Amino acid sequence: MKKSLIWLLTIVMSLTFGALLYFQIMYLENMVKMRDAQFSETVMRCLSSTSSMLERKETMHFLEEDVNIIESNLYDDTSYGSNGENFKYTIESPDGTVTKYTLAAEIDRSGQDPSKALFPSPTGSIESHYRNMQEVIRSQYLYQKGLLNEVILSILRESGNRPAFERADSTIIKNYLQSELANNGLNVPFVFAVRSGKGAILYATEGFKENNGDEIYSQILFPNTDNHLRLEVGFPTKSTYIFSSVRFIIPTLAFTLILLVVFLYTIVLAFRQKKLSEMKTDFINNMTHEFKTPISTISLAAQMLNDDSVRKSPASLKHLSQVINDESKRLRFQVEKVLQMSVFDNSGSALKFSEVDANTIIENVVHTFTIKVEKYGGSIVSHLDAENAIINVDEMHFTNIIYNLLDNAVKYMKEDEEPQLSICTKDIGGNRLEIRISDNGIGIKKEDIKRIFDKFYRVSTGNRHDVKGFGLGLAYVKKMVNIFKGNILVESELGKGSTFVITLPLSEDTEDNDK
């Protein structure tokens, strides 16, 4: 798959997941806002109903208080005759007009309560009788109307003087408000307080706090009076209640995020696999080239040996045999590099640990490698200053580590400058041995330093095409150093050379002897 296609799929899927998350978040936000608006509307409706209930209760209080006054004023002066005399009935209307009526004595003889007689007995003609009846009804209506007006004026005049605890009883408010909220589907705990017209809290339920961060709903009580009160209600668990009603959306967001993470991880793996595939392809091409050159040289030397004139010349035979020997060593070295790949899959099964003297092994490698360095006009110096250099490693792999680092130093030397290599050992604290290998080569870029130990990774050398390899040398070195329980790091500056620093633990037996 082409890299451009992978990037296209990544962009499309990322935009899709981003849009999906955006719409889900917007839907969740709108749902929360809608639930909050519904909650507020229901609460305000319940508070308004509570306020109306308190007004009705206060009106009933004044009506019950004045009922005796109404009854006493209804019949201001009533006398009943005896021995068959008529009953006298007097009504005084609110405007001060006094009307006197007479009840026939025969009504009393019939056993009916004279005070409950509907009509007075006529004292004159029929026409006068009916006029009196109309006057009675009219006077009663005016009187009742006047009494109601007096009650209303009394409510407006005296209600503001009643104590707040009587006008707005906390128990009545709590029970009624709780009932109203339950009837509207809000079974949530609440706290409330009643304030005076000046803003002072008259009383509050337990848990009610001012400016505690909870949204407070307010409703004016008795708005038609001068000394009105204010009811404030808070819901400590409002946020939990609202989010509990939309919590079914949260799992969808979680699943979408999981899909997004899995997708991104898959894309990262795809790029890694593609890069690894490119590295392997480059490795195969380099390996083929590295094998092809010595094989071609050996084949050419073998063909020349078949020439009679060459066989008759001892100098030519010596030269060809040397070429074949050198190319055979080169081919064997390349094969060993390829076989080193097995170390990454089976790091410990083929290793043979033994106690060796690092100074001795390094000295032998330097002696062998001197010829290669001198070939380019350079030199290599060693300072093996470590007094205790006994380490527990696989001798063959430890030798390869030193050889690979020296080989890289020559491989990445400057074109216009002779290679100058140095290797030194010294004791450091913690019973460890330090090995430093330095060169004056082209150096390494900062962005490459972090990756030079990656498998198949090769540092770019610009326009130079003489640097060959598989990208396995430094990866192999780091792998083996880790197996030997050591550490390796690189200090490098572009254009000024590099220094590889290896630290390895000393042999435990040697540590005991030192003690």
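Contact means that heavy atoms lie within 4.5 Å of each other. With that cut-off, residues 24 or more positions apart account for 68% of the contacts in the protein with a separation of 6 or more.

The structure is a predicted model, in which local features need pLDDT of at least 70 and side-chain atom pairs count only at pLDDT 80 or more, while totals for chains, interfaces and linings use all residues. Residues are numbered from 1 along each chain as its sequence is written, and side-chain values use heavy atoms, with hydrogens and water left out.

**Exercise 1. Overall content**

State how many helices and strands the protein has, and what share of its residues is buried.

Solution.
Step 1. Helices (H or I, at least four residues) and strands (E, at least two) are DSSP runs, numbered from the N terminus.
Step 2. The protein has 15 helices and 14 strands.
Step 3. Buried means under 20% relative accessible area, exposed means over 50%, and partly exposed is in between (1.4 Å probe, protein chains only).
Step 4. Of the 515 residues in the protein, 36% are buried.

**Exercise 2. The four-stranded sheet**

Give the strand order of the open sheet of four strands and find its edges.

Solution.
Step 1. Two strands pair if DSSP finds at least two bridges between them.
Step 2. The order is E5-E4-E7-E6, and the pairing is antiparallel.
Step 3. The edges are strand E5 (201-204) and strand E6 (216-221); each has a single partner strand, so one side of each is left without a neighbour in the sheet.
Step 4. From one strand to the next, the twist averages 20°. Angles run from 0 to 180 degrees between N-to-C directions, and axes are lines fitted to C-alpha atoms, for helices over the stretch in contact.
Step 5. E6 and strand E7 (residues 229-234) run antiparallel and are joined by six bridges. Ile220 has Arg230 in E7 as its bridge partner.
Step 6. Helix H5 (residues 170-183) lies across strand E4 (191-195), E5 and E7, and runs at about 135° to E4.

**Exercise 3. The five-stranded sheet**

Describe the open sheet of five strands and the helices that pack on it.

Solution.
Step 1. The strand order is E9-E11-E12-E14-E13, with mixed pairing.
Step 2. Strand E9 (379-384) and strand E13 (487-492) are at the edges; each has a single partner strand, so one side of each lacks a neighbour in the sheet.
Step 3. The twist here averages 15° from one strand to the next.
Step 4. E9 and strand E11 (residues 420-428) run parallel, joined by six bridges. Ser379 stands opposite Gln420 in E11.
Step 5. Helix H11 (residues 358-375) lies across E9, E11 and strand E12 (432-438), at about 170° to E9.
Step 6. H14 also packs on the sheet, where it touches E13 and strand E14 (498-505), and its direction makes about 140° with that of E13.

**Exercise 4. A helix pair**

Describe how H12 and H14 cross, and which residues meet.

Solution.
Step 1. Two packed helices are described by the angle between their axes and the distance between the axes.
Step 2. The axes of helix H12 (residues 395-411) and helix H14 (residues 473-483) come within 10 Å and cross at roughly 145°.
Step 3. Among the residues that meet are His397, Asn400 and Ile401 in H12, and Gly473, Leu474 and Tyr476 in H14.
Step 4. By class, the contact of H12 with H14 has seven nonpolar, five polar and no charged residues. Ala, Val, Leu, Ile, Met, Phe, Trp, Tyr, Cys and Pro count as nonpolar, Asp, Glu, Lys and Arg as charged, and the others, Gly among them, as polar.

**Exercise 5. Salt bridges**

Count the salt bridges in the whole structure and examine the pairs Asp36 with Lys238 and Asp407 with Lys411.

Solution.
Step 1. A salt bridge is a side-chain nitrogen of Lys or Arg within 4 Å of a carboxyl oxygen of Asp or Glu. The whole structure has ten salt bridges.
Step 2. In the salt bridge of Asp36 with Lys238, the closest N and O atoms are 2.7 Å apart. Asp36 lies in helix H1 (residues 3-74) and Lys238 in helix H6 (residues 238-244), so the pair ties together parts that are 202 residues apart in sequence.
Step 3. Asp36 is partly exposed because its relative accessibility is 26%. Lys238, at 9%, counts as buried.
Step 4. Asp407 and Lys411 form a salt bridge at 3.8 Å, N to O. These residues are four apart in helix H12, so about one helical turn separates Asp407 from Lys411. Both Asp407 and Lys411 are buried.
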